[in-house]
Amino acid sequence: MFNPSNRANAIATYASIVLSVLIGLNMITSYFLIKEAQIDLKIFRLERFRHLQVKGNDQAILTFNLKADLTPAWGWNTKQMFLYVTAEYVTRKNAVNQRVIWDKIITSKKNSILNLKEEKSKYILEDQGDGLRNNQVNFTFSWNAMPVSGILWWKTEGNHVFTFPPDYTD
């Protein structure tokens, strides 16, 4: 009845139950650690704004200033954070247009303070048609916190409204 395989089975079962309970407590306590961050996002300049004749699309390259202190949002269960700046606007063709223009992954708390000045957009903002001209675009800063265990959570803060000019620069 108490041979070595039975004892090993009992120890493994007990260890897995204790580990499951600890992981569950870890997930539950992570919900109480979600905090706000301080974000300041401003579009600095429109670098390039043109209409692509071949595709018939508007294309823009922007620079922006971003100050973000994500230190309060970094908890003991945070593995890494995925940061991104999105452009959202409305056109005649589409009711909702969303494009990511910049992103970054941070893997430690010491890198969670950002002070970017005149940062060029990593991705081109391209519209399906000519919907950017004379249109208001809302730029927002968002982040996803990826935990060691538990579910992924995200926040959106720091928005800035920018109106595109009626004429192209190129």
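How many salt bridges does the structure hold? There are seven salt bridges in this predicted model, and the close-ups below visit some of them, along with a few aromatic rings and a buried asparagine.

**View 1. Glu-47 and Arg-45 join up in a salt bridge.** Their side chains meet at 2.8 Å, N to O. Glu-47 is partly exposed, at 36% relative accessible area, and Arg-45 is partly exposed too, at 37%. The story has a third member: salt bridges with shared partners link Arg-45, Glu-47 and Glu-118 into one network.

**View 2. Lys-122 reaches Asp-103.** Here is another salt bridge, with 2.8 Å from N to O. Lys-122 sits in the loop between β5 (113-120) and β6 (125-127), while Asp-103 belongs to strand β4, so the pair ties together parts that are 19 residues apart in sequence. Is Asp-103 buried or exposed? With a relative accessibility of 14%, Asp-103 counts as buried.

**View 3. Asp-130 meets Arg-133.** This salt bridge spans 3.9 Å, N to O, and it still makes the list because the cut-off is 4 Å. Both ends are partly exposed: Asp-130 has a relative accessible area of 33%, and Arg-133 comes in at 35%.

**View 4. Phe-64 and Trp-102 pair edge-to-face.** The structure holds six aromatic pairs, and this is one of them. The ring centres are 5.9 Å apart and the planes stand at 75°, so the pair counts as edge-to-face. Phe-64 comes from strand β2 (residues 57-69) and Trp-102 from strand β4 (residues 97-106), so the pair ties together parts that are 38 residues apart in sequence. Both Phe-64 and Trp-102 are buried.

**View 5. Phe-82 and Tyr-84 make a tilted pair.** From centre to centre the rings are 5.5 Å apart, with 35° between their planes. Phe-82 is partly exposed, with 24% relative accessible area, whereas Tyr-84, at 16%, is buried.

**View 6. Asn-144 has plenty to touch.** You'll find Asn-144 in strand β7 (residues 136-147). Its relative accessible area is 14%, so Asn-144 is buried. Leaving aside residues up to four places away in sequence, Asn-144 touches Gln-80, Met-81, Phe-82, Tyr-84, Leu-152, Trp-153 and Trp-154. Two names in that list, Phe-82 and Tyr-84, are the partners of the tilted pair from View 5.

**View 7. Four rings gather in one aromatic cluster.** The members are Phe-49, Phe-162, Phe-164 and Tyr-168.

Methods
Residues are numbered from 1 along each chain as its sequence is written. This is a predicted model: local features need pLDDT of at least 70, side-chain atom pairs count only at pLDDT 80 or more; totals for chains, interfaces and linings use all residues. Side-chain values use heavy atoms; hydrogens and water are left out. Rings of Phe, Tyr and Trp (its six-membered ring) pair if their centres lie within 6.5 Å; planes under 30 degrees apart count as stacked, over 60 as edge-to-face and the rest as tilted. Helices (H or I, at least four residues) and strands (E, at least two) are DSSP runs, numbered from the N terminus. Buried means under 20% relative accessible area, exposed over 50%, partly exposed in between (1.4 Å probe, protein chains only). Contact means heavy atoms within 4.5 Å.
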